[in-house]
Amino acid sequence: MSFQQLFPITDSIWICFVVLTLVLFVPILCKRLRFPQIAGLIVTGTMIGPGLLNILHITPEIRFFSRIGLLFIMFFAGLEIDLEEMKRNKVWGILFGTLTFALPWTMCYFACVYLLSLPPRTSAILACIMGSHTLISYPTISRYGLGRRKSVTISVAGALVAILLALVVYAVMMSTGSESGFNPFWFILKITVYITAVILIYPRIARTFFHSVTNSFSHFLFVMILLALSCGLAQIIGLDSIVGAFLAGIVLNRYIPKSSPLMNRLDFVGNTLFVPLFLLGTGLLIDLSGMAGNWLFLTVFAVLFIVGTFGKWIAAFIVQKANGFIRNDRRVIFGLSESHAAGALAIAMGAYAGGLMDNTTLSATVLIVLFSCIISNIITENGAMALHQDELSDDITESRLMVMLTGSNTLQALMDTAITLYDRNSPELVGLYVTINGEHAPKYMQDGKGRLEEASRIAASADVPFITHNRLGNNIIDSILHASNEFNIDRMLMGLPLRHSIDLPYLDNIISPLNDGFHGQIVLQRFVTPMNTIRRIVVLVPGPVLQDDAFEKCMESIFSITMAIGCATEFYGKDQPISAVRGTGLNFSSGRVSYNEVSETADMHWVISGLKTDHLLMIVGPRDSETHAGRSFRHLYERIHMPETDFSTMLLFPETKTVKGKEEATLRTERDFLKMLRM
């Protein structure tokens, strides 16, 4: 059997085998060769495509999965963008989007008309292709964790503006002279209604669903449904589906925490399968056969590519200088805006079908896609790597967090918080379950094994290393303290019992002994609604406080939680503790933060009285209960457990360098307190 008879492959099973093999091994090879993985997949697709080796052709299945991959790229861009940073820089985002479209469009239009002698409508459509861009190199930004950087935020916001402008101009050019006619005002009205509806309706649906359904697999399917719906509605009103994917990502941003199992599942499905298939599919579309020696084709390609690239660079240069960015920021901005992929191909194919492009200009556009993607990824990779090295600390923290697992109704909330607080540079997360020795100890030990296995699955879904410890002891406090010493723990997370089942003995016999015996940071929580549905955070800091390293680490924990939730944060305290919070320099909730000075504990009681079910109250508690601040905390503790209170609560105790000496605890009702912990 000859080579021509074997290829191209048409059997779906063998197509699947070849595609998955390339998706697995091409990135590994590119990493060894120090070549951008994204560009490597595009080049590989071109090599095995119909123009060269003719191993694979674009099939409906590959076209479908590659389309989903592009939608995932835009969806991730919306998910990972810092919304508050985007709001603060919305003017620069709009300005950059306008510049990065208008400059290449204007330059390419006049080059096409006066240098290539192309018709005005064709020139305008080719200029739209060079003015728009696709964030094809955004996975590189995600890999280096630069999604919240100001230059990236401006670039992503600008991409949406550039795409919208390109689609509007393209629609006008395609409808000019046609019988259907094009009403730009009606088109803009449809866009406005669509965006408004998604922004207003999606958050309410998401909040209701996440509050009612706790199954994380259902969360994944729910997000995929919303993504598909947003893309479908965008197509109905005449926009490209990538606009709908990006908008869905922005709207669902705060409901999908960055370190959550849900985000990990989306990232795994998208970046492991769909995005590589899109890159491979883009390469398969590029047919280089017959292009060599075609001087008209090469001239069109060279003029468009050089002029369009120069226009993109000028826009990036203007934004860099105006904002005082460093050179690597400009490289990232330029790299993100340089690539032309599915959006450009969609415009080109539409113009070709409408008779506004011939084979020469279409082939030139396809080659522009290849070169722009390669250059975009090389520049973005180099710039992002340099920025990442600048931000990367050489010190690897040895901080270790232990989460004490209790009842099944609090396990998910505890693990969500533990994953949020977990430092990716630190050792593994430790899960502890304590059983008091006695008649029913074997049964409780078996229950503990089940709790720890469930917690392990949650941690694994978020890609967090997790070790378990099922401990049998005679004393709950001593068992926790011994485990903390064995694993070198410096942060501890526990659950607070339900409001109606807790009273002051819990404070005196559980929290206070832990404060006396454990020197690390202690966090206790009770969530009455899922973390990603919280709409307001109130932090009380009864003072005075000592502004030292321990206090700043406590504020860093609050910072991690506020960033994960993404809602407004309000601080209340006297002037000294509020000044201490400001002194940390942390940008809580990406800037949606207010600092309020209150003079008395009674004022804090008034603040608590205004909290609702979807609010979170955080109290920074003093370690010494005998001080004035300790007595104030006790009053607040009594207040949050009154029958009428129904909001989520979190208590944080900063670490201390010394541990109070104390005798061995001899609690009369040890099993009663353990029972309270499990509720």
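A nonpolar core is a set of buried Ala, Val, Leu, Ile, Met, Phe, Trp, Tyr and Cys residues joined through side-chain atoms within 4.5 Å. The exercises below concern a predicted model.

**Exercise 1. The chain as a whole**

Task: State how many helices and strands the chain has, and what percentage of the residues is buried.

Solution.
- Step 1. The secondary structure comes to 26 helices and 10 strands.
- Step 2. Of the 679 residues in the chain, 56% are buried.
- Step 3. Among contacts with a separation of 6 or more, 82% join residues 24 or more positions apart.

**Exercise 2. The nonpolar cores**

Task: Find which residues touch the most other members of the largest nonpolar core, and which helix gives the most to this core.

Solution.
- Step 1. The largest nonpolar core has 120 residues, and L56, F75, L239 and L266 touch the most other members.
- Step 2. Helix α17, residues 359-391, gives the most to this core, with 11 residues.
- Step 3. A second, separate core has 45 residues, including A459, F571, F588 and L652.
- Step 4. Take L239 from the largest core as a case. Apart from neighbours within four places in sequence, L239 is in contact with L164, L167, F187, I191, Y194 and A234.

**Exercise 3. Two helices that cross**

Task: Decide whether α2 and α13 are roughly parallel or roughly perpendicular to each other.

Solution.
- Step 1. The axes of helix α2 (residues 12-33) and helix α13 (residues 261-284) come within 10 Å and cross at roughly 100°.
- Step 2. Angles from 65 to 115 degrees count as roughly perpendicular. The two helices, α2 and α13, are therefore roughly perpendicular.
- Step 3. On the α2 side the contact is made by V19, L20, L22 and V23, which meet T272, L273, P276, L277 and L280 of α13.
- Step 4. Sorted by class, this contact of α2 with α13 has 8 nonpolar residues, 1 polar residue and no charged residues.

**Exercise 4. Helix α14 and its end**

Task: Compare the expected span of α14 with the distance between its end C-alpha atoms, then describe Q320.

Solution.
- Step 1. The expected span is 1.5 Å times one less than the number of residues. For the 29 residues of α14 this gives 42 Å, and the end C-alpha atoms are 42 Å apart, so the two agree.
- Step 2. Helix α14 covers residues 295-323 and holds Q320.
- Step 3. Because its relative accessible area is 4%, Q320 is buried.
- Step 4. Beyond neighbours within four places in sequence, Q320 is in contact with F325, I326, R327 and R330.
- Step 5. After α14 comes G324, which has a positive phi near 70°.

**Exercise 5. Helix α25**

Task: Repeat the span check for α25, and list which of its residues are buried.

Solution.
- Step 1. The 13 residues of α25 (residues 628-640) should span 18 Å at 1.5 Å a residue. The end C-alpha atoms of α25 are 19 Å apart, which agrees.
- Step 2. The buried residues of α25 are A629, G630, S632, F633, L636, Y637, R639 and I640.

**Exercise 6. Positive phi outside glycine**

Task: Locate N54 and D463, and say whether each is buried, partly exposed or exposed.

Solution.
- Step 1. Although not a glycine, N54 has a positive phi of about 60°. N54 sits in the loop between α3 (37-48) and α4 (60-80).
- Step 2. With a relative accessible area of 23%, N54 is partly exposed.
- Step 3. D463, not a glycine either, has a positive phi of about 60°. The loop between α19 (441-461) and β3 (466-473) holds D463.
- Step 4. The relative accessible area of D463 is 54%, so D463 is exposed.

**Exercise 7. Two buried residues and their contacts**

Task: Say where A159 and I256 lie, and which residues they touch.

Solution.
- Step 1. A159 is in helix α9, residues 150-175, and at 0% relative accessibility counts as buried.
- Step 2. Leaving out residues up to four places away in sequence, A159 touches H133 and L135. F101 is 58 residues from A159 in sequence, with 9.0 Å between their C-alpha atoms.
- Step 3. I256 is in the loop between α12 (241-251) and α13, and is buried at a relative accessible area of 1%.
- Step 4. With residues up to four places away left out, I256 touches L79, V223, L262, M263 and L266.
- Step 5. I256 and M531 are 275 residues apart along the chain, and their C-alpha atoms are separated by 9.9 Å.

Technical notes
Residues are numbered from 1 along each chain as its sequence is written. This is a predicted model: local features need pLDDT of at least 70, side-chain atom pairs count only at pLDDT 80 or more; totals for chains, interfaces and linings use all residues. Side-chain values use heavy atoms; hydrogens and water are left out. Buried means under 20% relative accessible area, exposed over 50%, partly exposed in between (1.4 Å probe, protein chains only). Helices (H or I, at least four residues) and strands (E, at least two) are DSSP runs, numbered from the N terminus. Contact means heavy atoms within 4.5 Å. Axes are lines fitted to C-alpha atoms, for helices over the stretch in contact, and angles run from 0 to 180 degrees between N-to-C directions. Angles under 35 degrees count as roughly parallel, over 145 as roughly antiparallel, 65 to 115 as roughly perpendicular and the rest as oblique. Ala, Val, Leu, Ile, Met, Phe, Trp, Tyr, Cys and Pro count as nonpolar, Asp, Glu, Lys and Arg as charged, and the others, Gly among them, as polar.
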